[in-house]
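I opened the model today to look up strand pairing, ring contacts and helix packing. My entries follow in the order I made them.

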Amino acid sequence: MNDLDAGHVSTAVASILIEEVFGYHTINRSSGGGPQEAYRAVAGCLDPGDESSCGAAAGTIPTSWHIALDVRQPFQATTTLPTLDFVDAGAMSYVGRRGHFLKNSVSTSGTIRYMDLQFLSFDTISSVDRFYLKQCTNTQLANTTMIRSYLDIVSDSSGVTLGNGGFIAFCPADGYFWLAPSCRSNSSQCIPYFFNSYHRAVDVLEVMQKAAVWNIPWAISVAYDEASFEEVLATSRSMFFRYTPDSQVGLVSPVEVIFPAHNSAAWANGNFSTASTDVSVQKLLSQDLITLAPEVDAFIVAFDLTAAHVETLLADSEALGSFRSGACNWLNNWPEVWEPWIQSVASTTTSTTSTTSTTTPNLATNTTTPANTGTTEAASASSPDELVMGAVNPSVTASVLASMAADRTAFVDVPFSGSQYNLAMEMIGIPTVGWAADQSATFPGSVKELVVTPAELFLTPNPALIVAEGGSDASSAILPSEARPGQNVTVSGAQYEVSGIIVTVSLVELSSTSLSPLEVTGLQTPILIRMSTTSPAADTLCVYLDANNAWSQAGVYRPTAAEITTISGSQADTSGIWCATEHLSTFGILLAVSS
């Protein structure tokens, strides 16, 4: 986790649930080196603080650190470290921001423009107790690379001096404050501006640039530690840098200073004088967590907090004295938020029951409550698709698992042949990140074109579809004699002939050692299967093979062209034979027999 309070509280929530629901012991550490250290940690670098240690760890399994939350920066490739192996588990519902604030005792406005700071009353820097501050030479103000970047944007030779083998910020008098150009000649006119000790060089650079470009009389200093930061803000009329959402360091409703709108091109070139922009807050996983603890891997993918959740967690933590106490209190008060995360990590059960037990602790005493399985439960051992899954080569499963671990937002398609019955087959890894609950996707598979809603299928950590189609030899092996192609069957009093189009679609949970079939029923949005590109007769039926080995229309039908485009989009090719199904099974096409 990072050193921000939002990172501490989100990690505390995840740790408690991982321990009390899934039974794993957790160890937490802060990535004091910033977001890039978090990437290196989950990638298995021997020393996450040193990118040069990553090469020595290549291929090391298992890694020591497996989860990083509240990561607010993309991975940044360097010459030493051009790539890293990690899993992006998606973003939180809240975004991260960085801003410039003052206490509401200085201004009662919700926000204030930077040019109006001159009309407010602040303490002078001479009144600030130096006991709580670091001298500039022991802070980011002595970072020569950062100061060089400052001079690239601002012509301010009097604001720097030589030191550390280059230029560092010049802090006059007792060496605790860097003074902006607009108040350098008279420090009594400067506004005290404070950083916490964990704030980065780029944060200090941003404030220095803003002060110089917009003629803001800031005097910049760095607090000795977290407690000192809180103390100096509590005892002075001053300003401070803050990430949000984060704790308000004992302050009520701090007032944000507004700058000209964000200029992305300028920021890309190192000019941070305009307003910052929102950043995505990411979740990272080690690539081996899916094997070591697949249920935890799936839990973190489902784990999500909003800005309101984080603010409540921060308030609870401050009131109760620790992040873990605040997290425990929040979990007890908000089960409706976190219980769906647990329920999304579906466990397989036998087909003889329609419910499964999931442990849902109330964090005071653990209780076990029954939960409806919804759309996924263990499939019958006698189902026809068992023969199809027996034709899957373990290398296919391994290939799909590896691709899913590398990118959880995309479909994975691995075509193969079931040589025993001359089956044309494919395994389709279902994306488990980045898909809204009602968002459908058209997948032009190598065997059949499908339209699916991923969110209805990723109730397990590593879900995949297996699609198979075969000729007469396969049909003879898989289907009972009365249901094979060429046979006549009666449906709703009418005679039909079973066509040669027989397709089996199964949902499975993948692991490195097995395939676990899952029965899918009661889908809110039907799965569409393009059974054939040939235009059908009007009275052609879509059917599935039921538990009595008979072709049935229950939950399966021919969708209209309008329904196909509604589900899959206006660009859909509605020609051919499409079937819509609310469950998965072996599907066929029945052709009307002339009387």
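**Entry 1: strand β10**

I began with R97 and looked for its bridge partner in β10, which is T244. I was working on a predicted model, and I kept that in mind for every entry here. β2, which covers residues 87-102, is joined to β10 by six bridges, and the two strands run antiparallel. I then looked for β10's pairing with β8 (residues 191-195): two bridges join them, and this pair runs parallel. In that pairing I found Y193 opposite M239 of β10.

Is β10 mostly covered or mostly open? I noted it as mostly covered, since six of its six residues, 239-244, are buried. In a regular strand the side chains alternate between the two faces of the sheet. I checked the directions in β10: M239, F241 and Y243 point one way, F240, R242 and T244 point the other way, and all are buried. Among these, R242 also lies over the face of a ring, that of F101, at 5.4 Å from the ring centre.

**Entry 2: aromatic rings**

I went on to the rings. How many aromatic pairs does the structure hold? I recorded 20 aromatic pairs. I took Y39 and F86 as one example: their ring centres are 4.9 Å apart and their planes stand at 70°, so I logged the pair as edge-to-face, the cut-off being over 60 degrees.

Where do these two residues sit in the chain? Y39 belongs to helix α2 (residues 35-42), while F86 is in the loop between β1 (67-71) and β2. They are 47 residues apart, so I entered the pair as a link between distant parts of the chain. I looked up the accessibility of each partner. Y39 has a relative accessible area of 3% and is buried. F86 has 23% and is partly exposed, because the limit for buried is under 20%.

I compared this with Y193 and F195. Their ring centres are 5.5 Å apart with the planes at 45°, so this pair is tilted. Both Y193 and F195 are buried. They also belong to one aromatic cluster, formed by Y114, Y193, F195, W214, W218, F241, Y243 and F259. I noted that the cluster includes F241 and Y243, which I had already met pointing one way from β10. I also looked at F259 for a charge: the charged end of K210 sits over its ring, 5.2 Å from the centre.

**Entry 3: helix packing**

I turned to α10 (residues 323-333) and its packing against α9 (residues 307-320). Their axes are 7 Å apart, and the angle is about 125°. I therefore put α9 and α10 down as oblique to each other. The handedness of this crossing is right-handed.

I then took α1 (residues 5-20) against α10. Here the axes come within 8 Å and cross at roughly 60°, which makes α1 oblique to α10. I recorded the passage of α1 across α10 as a right-handed crossing.

**Entry 4: the five-strand sheet**

My last search was on an open sheet of five strands. What is the strand order? I read it as β18-β19-β24-β28-β27, with antiparallel pairing. The edge strands are β18 (441-444) and β27 (556-557), each of which pairs on one side only.

I followed β28 (residues 577-581) through its pairings. Five bridges join it to β24 (residues 527-532), and the two run antiparallel. Across this pair I listed R530 opposite W578, and L528 opposite A580. On the other pairing, two bridges join β27 to β28, again antiparallel. There V556 stands opposite T581.

Why did I put β28 down as largely enclosed by the rest of the structure? Because five of its five residues are buried. I checked its two faces separately. I577, C579 and T581 lie on one side, W578 and A580 on the other, and all are buried, which leaves both faces of β28 covered. I closed the notebook with the two strands side by side: six of six residues are buried in β10, and five of five in β28.

Conventions. Residues are numbered from 1 along each chain as its sequence is written. This is a predicted model: local features need pLDDT of at least 70, side-chain atom pairs count only at pLDDT 80 or more; totals for chains, interfaces and linings use all residues. Side-chain values use heavy atoms; hydrogens and water are left out. Rings of Phe, Tyr and Trp (its six-membered ring) pair if their centres lie within 6.5 Å; planes under 30 degrees apart count as stacked, over 60 as edge-to-face and the rest as tilted. Helices (H or I, at least four residues) and strands (E, at least two) are DSSP runs, numbered from the N terminus. Buried means under 20% relative accessible area, exposed over 50%, partly exposed in between (1.4 Å probe, protein chains only). A charge sits over a ring if NZ of Lys or CZ of Arg is within 6 Å of the ring centre and within 35 degrees of the ring normal. Two strands pair if DSSP finds at least two bridges between them. Axes are lines fitted to C-alpha atoms, for helices over the stretch in contact, and angles run from 0 to 180 degrees between N-to-C directions. Angles under 35 degrees count as roughly parallel, over 145 as roughly antiparallel, 65 to 115 as roughly perpendicular and the rest as oblique. A crossing is left-handed if the near helix is turned anticlockwise from the far one by less than a right angle, and right-handed if clockwise.
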